[in-house]
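User: Please take a close look at a single part of the structure shown here, and then relate that part to its surroundings. A connected account in formal prose would be most useful.

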Amino acid sequence: MTKKGRVFSGARPTGRQHLGNYLGAMRNYVALQDDYDCIYCVVDVHALTTLETTLELKQNTYDMALDWLAVGIRPEESVVFVQSHVPQVMELHTYLSMVTPLGKLTDLPTFKDKVRENPNNINYGLVGYPVLMAADILLYGTDFVPVGIDQAPHLEFTREVVRSFNYRYGKPVLKEPQMKATSVPKVLGIDGVQKMSKSLNNHIELAATPEETTQRVMQMVTDPARVRRSDPGNPDVCNVFSLHKIFSPQADVDMVNVECRRAGIGCVDCKKLLAKNLNAHLESFRARRTDLDKNPAYIWDVLDDGARRANVLAEGTMVNVRSAIGLP
Ligand code: SF4
């Protein structure tokens with residue numbers, strides 16, 4: 001089947017993935033494969049800008065790739081690889097940095113956020129992060145980048161870099177990628193307040209056992225105004241209900257929506273129901289993950305093969321880039 005173009009997306013190696021990763025990116029990665037040639041990259045070099053130690057980098061890379069494959073990314077179709085395995089990205093990053101004004105980078109809100117988050121390690125990599133990201137996208141002749149609306153400025157930055165580069169060297173060597181607008185739901189953690197994140201330990205891992213998952217669901221914060229079992233609740237402000245709407249059958253969603261408001265169901269039973277539905281939803285993922293995990297060499301082979309295929313695309317771009325610049 002003819003595909004509609006090439007999609008690129010990258011994610012930092014954060015290890016075992018959680019529900020927030022699944023709803024925010026992974027399920028979309030799987031769906032995109034039907035219509036696009038997809039390139040999915042574990043961006044380990046990006047991670048170096050803020051990592052204090054690299055001891056877990058390899059394991060985290062493995063775990064993330066394992067989860068990606070278990071969830072339904074098809075390596076025989078999609079290119080799945082590790083950023084540092086295609087070193088041309090560093091070369092392109094250097095060339096792109098020559099057409100990027102420094103002030104533009106230090107003015108980006110994301111740079112200011114990173115400085116705030118890492119006050120003791122404001123390194124050059126943090127400044128050049130968007131340029132490396134542009135190199136990731138442009139190296140593979142990407143047509144579309146799936147981004148949520150809040151990340152749109154990043155992509156616009158990449159498009160500006162393309163225009164600057166092509167203008168500077170007088171040839172349309174790099175392709176301007178288009179935004180593939182994606183709805184990225186904000187998935188709250190079990191605290192019901194902050195975005196689900198491993199570092200905040202408010203996450204629910206996809207690969208957790210059914211018992212662990214149930215335990216995490218039972219810890220979820222509910223409607224804070226519902227103090228006693230007899231108090232009517234408001235599902236619209238409850239994170240448990242938000243997850244019901246994603247993982248439970250419509251009949252359960254409708255029932256909770258009605259019964260919560262008239263105190264017909266208690267929060268304990270409501271959470272048990274969610275845990276049951278969530279575990280059912282994750283059952284096939286877990287079975288596939290356990291199966292794949294029996295043969296770690298296969299996961300590394302997939303990443304090696306992905307790097308080989310990515311390398312071919314990358315070198316095709318770099319030949320034109322070097323020639324346009326006039327490098328001997
Ligand atoms: S019954 Fe369910 S939806 Fe209502 S407040 Fe409790 S956990 Fe939330």
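Analyst: Helices in this account are DSSP runs of H or I with at least four residues, numbered from the N terminus. The model is a predicted one.

The part chosen is the interface between the domains. The chain is divided into domain 1, made of 6–187 and 295–325, and domain 2, which covers 210–290. Domain 1 is thus formed by two segments of the chain. Between the C-alpha centres of domain 1 and domain 2 there is a separation of 35 Å.

Where the domains meet, 11 residues of domain 1 are in contact with eight residues of domain 2. The area buried between domain 1 and domain 2 is about 890 Å², and 66% of it is on carbon and sulfur atoms. Two salt bridges are found across this interface. D67 forms a salt bridge with R289, with the closest N and O atoms 2.4 Å apart. Three residue pairs are in polar contact between domain 1 and domain 2. On the side of domain 1 that touches domain 2, the elements giving two or more residues are helix 1 (19–32) and helix 3 (57–71). Of these, helix 3 gives the most, with six residues. By residue class, this side of domain 1 has seven nonpolar, no polar and four charged residues.

Helix 3 therefore deserves closer inspection, since it gives the most residues to that side of domain 1. L66 lies in helix 3. L66 is classed as buried because its relative accessible area is 0%, and the class requires a value under 20%. Beyond its neighbours within four places in sequence, L66 is in contact with R289, L292, D293 and I299. R289 is thus a contact of L66 and also the salt-bridge partner of D67. L66 and E52 are 14 residues apart in sequence, and their C-alpha atoms are 24 Å apart in space.

Q59 also has its place in helix 3. Q59 is partly exposed because its relative accessible area is 45%. From Q59 to A287 the chain runs 228 residues, and the C-alpha atoms of Q59 and A287 are separated by 20 Å.

Elsewhere in domain 1, H46 is found in helix 2, residues 44–47. H46 is buried because its relative accessible area is 2%. Residues up to four places away in sequence left aside, H46 touches R12, Q83, Y129, L132, M133 and D136.

Two residues in loops complete the picture. N201 is found in the loop between strand 5 (178–181) and helix 9 (210–218). N201 is not a glycine, yet it has a positive phi of about 50°. With a relative accessible area of 49%, N201 is partly exposed. A263 has its place in the loop between helix 11 (250–259) and helix 12 (267–293). The phi of A263 is likewise positive, near 55°, in a residue other than glycine. A263, however, is buried, with a relative accessible area of 16%.

To return to the interface, helix 3 brings together buried L66, with a relative accessible area of 0%, and partly exposed Q59, with a value of 45%.

Key. Residues are numbered from 1 along each chain as its sequence is written. This is a predicted model: local features need pLDDT of at least 70, side-chain atom pairs count only at pLDDT 80 or more; totals for chains, interfaces and linings use all residues. Side-chain values use heavy atoms; hydrogens and water are left out. Domain bounds come from an automatic or database domain assignment. Contact means heavy atoms within 4.5 Å. Buried area is the accessible area (1.4 Å probe) that two parts lose on being put together, summed over both. A salt bridge is a side-chain nitrogen of Lys or Arg within 4 Å of a carboxyl oxygen of Asp or Glu. A polar contact is a pair of N or O atoms within 3.5 Å; within protein, one must be able to donate a hydrogen and the other to accept it, and residues adjacent in sequence count only if both atoms are side-chain atoms. Ala, Val, Leu, Ile, Met, Phe, Trp, Tyr, Cys and Pro count as nonpolar, Asp, Glu, Lys and Arg as charged, and the others, Gly among them, as polar. Buried means under 20% relative accessible area, exposed over 50%, partly exposed in between (1.4 Å probe, protein chains only).
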